[in-house]
Amino acid sequence: DVFVLRNAGNTLSHAEGSVVGSLEYCVGHLGAKLLVVLGHTKCGAMAGATQVMLNAKKAAASGTPAKQTTLEKLLAGLAPVAAQAQQELPSGAS
C-alpha cells in the first residue's frame, strides 16, 4: 500500500498542521516504515519562492516592507533554498 501526501514545495517551515498530522497518522497508525519525499523539475512552488525571495530583497533595499499574501508567506519558508540556488546556479539558469 502507498499513502500519498502532497503539498506545495514540500514545505514544512513550521512543524504543525495537516502535513505533520498526516505523517504521524501514516507512521503511528498505519505502521509505515519508510517515508519518501520527492520533488520534480519546473516546480511552481520553487519558482514562487524565488520570486518571493527576490521581492523581499528589493523591498529591503528600498526600505519598504513587502506585503505578502498567505501563499507568499508559505513560500517564504523556501527562500533560503532559493537564495542558495541563486548563488550556486550559473547566470540565466531556469
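## The lining of the largest pocket

Let's start with the walls of the largest pocket in this predicted model. Its lining is made up of 18 nonpolar residues, six polar ones and two charged ones. The space inside comes to about 880 Å³. Of the 26 lining residues, Leu5, Asn10, Val36, Val37 and Leu38 are the closest to the centre of the pocket.

Which helix gives the most to this lining? That is helix H1, residues 17–28, which supplies three residues.

## The largest nonpolar core

Now look for the largest nonpolar core, a set of six residues. Its members are Cys43, Ala45, Ala49, Val52, Leu75 and Leu78. Helix H2, which covers residues 44–62, gives the most to this core, with three residues.

Ala45 is a good member to click on. If you set aside its neighbours within four places in sequence, Ala45 is in contact with Ala8, Gly9, Leu75 and Leu78. Leu75 and Leu78 also belong to the core.

## An aromatic pair

How many aromatic pairs does the structure hold? There is one, formed by Phe3 and Tyr25. Two values help you picture a pair like this: a pair of aromatic rings is described by the distance of the centres and the angle of the planes. For Phe3 and Tyr25, the centres are 6.1 Å apart and the planes are at 50°. The pair counts as tilted because planes under 30 degrees apart would be stacked and those over 60 would be edge-to-face.

The two partners come from distant parts of the chain, 22 residues apart. Phe3 sits in the segment before H1, while Tyr25 is in helix H1 itself. Are these residues buried or exposed? The answer lies in between: Phe3 is partly exposed, at 36% relative accessibility, and Tyr25 is partly exposed too, at 40%.

## Lys42 and its backbone angle

Next, find Lys42 in the loop between H1 and H2. Its phi is near 55°, a positive value in a residue other than glycine. That is worth a second look, because most residues other than glycine have a negative phi.

Is Lys42 buried or exposed? Its relative accessible area is 75%, so Lys42 counts as exposed, the cut-off being over 50%.

## Two threonines in one loop

Finally, follow the chain to the loop between H2 and H3, where you will find Thr64 and Thr69. Helix H3 covers residues 70–76. Thr64 is partly exposed, with a relative accessibility of 47%, and Thr69 is partly exposed at 43%.

Each threonine can be used as one end of a ruler across the model. From Thr64 to Ala8 the C-alpha to C-alpha distance is 28 Å, with their places 56 residues apart in sequence. Thr69 and Val27 are 33 Å apart in space, again C-alpha to C-alpha, and 42 residues apart in sequence. You have met Ala8 already, as one of the contacts of Ala45.

Definitions and conventions
Residues are numbered from 1 along each chain as its sequence is written. This is a predicted model: local features need pLDDT of at least 70, side-chain atom pairs count only at pLDDT 80 or more; totals for chains, interfaces and linings use all residues. Side-chain values use heavy atoms; hydrogens and water are left out. On a 1 Å grid over the protein atoms alone, a cavity is a set of points where a 1.4 Å probe fits but cannot get out, and a pocket is an open set with protein on both sides within 12 Å along at least five of seven lines; lining residues have an atom within 4 Å of a point. Grid points are joined across faces, edges and corners, and a volume is the space filled by probe spheres set on the points. Helices (H or I, at least four residues) and strands (E, at least two) are DSSP runs, numbered from the N terminus. Ala, Val, Leu, Ile, Met, Phe, Trp, Tyr, Cys and Pro count as nonpolar, Asp, Glu, Lys and Arg as charged, and the others, Gly among them, as polar. A nonpolar core is a set of buried Ala, Val, Leu, Ile, Met, Phe, Trp, Tyr and Cys residues joined through side-chain atoms within 4.5 Å. Buried means under 20% relative accessible area, exposed over 50%, partly exposed in between (1.4 Å probe, protein chains only). Contact means heavy atoms within 4.5 Å. Rings of Phe, Tyr and Trp (its six-membered ring) pair if their centres lie within 6.5 Å; planes under 30 degrees apart count as stacked, over 60 as edge-to-face and the rest as tilted.
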